[in-house]
Amino acid sequence: MTMYEAVDVSVDAMLADLRTLVEIESPSRDLDALRTSAEAVAGVIENRLGGRAVLVESEAGPHVRWSGGGDPKVLILGHHDTVFPLGTLERRPFRVEDGHATGPGVFDMLGGLVQAVHGLASLDDRSGVEILVTADEEVGSRSSRALIEERALACGAVLVFEGAADGGALKTGRKGCGTFQVVIKGRASHAGLEPAAGVNALVEAAHQVLDIAALARPGIGTTVTPTVASAGTLDNVVPAAATVIVDVRVESADEKERIESAFAALAPHLDEAQVTVTGGIGRPPMPESASAGLFALAQRLLPGIEATAVGGGSDGNFTAALGVPTLDGLGAVGGGAHADHEYLVVDTMAERARLVTGLVKALQEA
């Protein structure tokens, strides 16, 4: 029996900790809820690993930090905020049925946090290990990015416990992603009496949407998707204002630069209309090269495990962009992130926790 196979983890104990975290709702930007959640995460870490988990205050809520001491060698990275509003738990309580755990946040990403902690608990020596669990990943990581980057550079390797890809695959590449807001200013007038006296912001928005959608290059992984639009006030008034929200995903730094330049250069089609653009590609691409060494290590520990590049972003984008080796998707096996059918496959929890043990031990010894 190998060291990896011999690691003893308790699924029942993991499910108990998962229940604790899921039953404390933690929607992003709800500072009171996030404080309660951070305290619970710190409690689970301290109970399983010993030492002290520190709450790092921020405008977005408390982040949680823990260190096993010694020279830092590996950063365990996750987040405790979720996308679900308060009250979701009442409608969708934590349950374990038919081999699945369900409830808000089980897959994204409370299950991954629990598996990571229990995998670390199997190590006799936890020196060189740091844990950072942030409070704002789901809303862009603006308050935590500097801390994430600082600790990633200090540790030299990052393991990200976002949910796995389909079938349990690890995530070895991610697109850079961001959001742009395009605001159009026109001039109101009576749609029946003086339509020509106005500047129709809705018509201008239609022009802009077509220009924006044309920026996409799906053949090289660039998607530019207008997602939300609003305009107008009444059915007999020429709209004086309109807003368009656009989701953007890119696979390369060159495409990031091209897209951001193109949005900055958007110009109105109608005389006297004004176009203002805010936002950008906040998460840089995570190149697959950043995960190559760590994925090879994971393959040796768990033969047959697969990898894939995905469109969604995570805090691993930041660390990989710094050149720090980063492996993502190490968290729960399941699906339904951000949806009512979110679930975690219980039978995979022990294997994923053992993978944590093996990866961290190898990095400690490197």
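**Entry 1: Arg145 and its partner**

I started with Arg145, which counts as partly exposed because its relative accessibility is 32%. This is a predicted model, so I read each value as computed from predicted atoms. Next I asked myself which side chain Arg145 meets in a salt bridge. It is Glu149, with 2.9 Å from N to O. I then looked up where the two sit, and both lie in helix α6, which covers residues 145-155. They are four residues apart there, about one turn of the helix. Is Glu149 buried or exposed? I found it buried, because its relative accessible area is 19% and the cut-off for buried is under 20%.

**Entry 2: Arg187 and Glu272**

I went on to Arg187, whose side chain meets that of Glu272 in a salt bridge, again written down as 2.9 Å from N to O. What does this pair tie together? Arg187 lies in the loop between β9 (176-185) and α7 (201-213), while Glu272 lies in the loop between α8 (253-264) and β12 (274-283), so the salt bridge ties together parts that are 85 residues apart in sequence. I checked the cover on each partner too. Arg187 counts as partly exposed at 34% relative accessibility, and Glu272 is exposed at 57%.

I stayed with Glu272 a little longer, as its backbone caught my eye. Its phi is positive, about 75°, although the residue is not a glycine.

**Entry 3: A pair within α8**

My next stop was Arg258, which forms a salt bridge with Glu255 through their side chains, at 2.9 Å from N to O. How far apart are they in helix α8? I counted three residues, which means about one helical turn between them. Glu255 is buried, with a relative accessible area of 6%.

I also noted a network: Arg65, Glu130, Glu150 and Arg151 are joined into one by salt bridges that share partners. Over the whole structure, my search turned up 18 salt bridges.

**Entry 4: Backbone notes**

Where is there a cis peptide bond to look at? I found one running from Asp108 to Met109, with omega near -10°. Met109 belongs to helix α5, residues 106-121.

I then looked up His338, another residue that has a positive phi although it is not a glycine; the angle is about 70°. His338 sits in the loop between β15 (334-335) and β16 (343-345). With a relative accessible area of 44%, it is partly exposed.

**Entry 5: Stepping back to the whole chain**

I closed with the overall figures. The protein holds 11 helices and 16 strands. Its C-alpha trace spans about 85 × 45 × 40 Å along the principal axes. Does that go with a radius of gyration near or far from the one for a compact globule? For 366 residues such a globule would have one near 21 Å, and the protein has 23 Å, which agrees.

I looked up burial next, and buried residues make up 50% of the 366. For contacts between residues at least 6 apart in sequence, I noted that 79% join residues at least 24 apart. The exposed area comes to about 15,700 Å², with 51% of it supplied by carbon and sulfur atoms.

Last came the charges. I have 28 positive and 49 negative side chains in my notes, and the centres of the two sets lie 3 Å apart.

Technical notes: Residues numbered from 1 in each chain as written. Predicted model: local features only at pLDDT ≥ 70, side-chain atom pairs only at ≥ 80, totals over all residues. Heavy atoms only, no water. Rg over C-alpha atoms; globule rule 2.2 N^0.38 Å. Buried < 20%, exposed > 50% of the residue type's maximum accessible area, 1.4 Å probe, protein only. Contact = heavy atoms within 4.5 Å. Areas by Shrake-Rupley, 256 points an atom, 1.4 Å probe, with all protein chains shown as cover. Lys, Arg positive; Asp, Glu negative; His and termini not counted. Charge placed at Lys NZ, Arg CZ, Asp CG, Glu CD. Salt bridge = Lys/Arg side-chain N within 4 Å of Asp/Glu carboxyl O.
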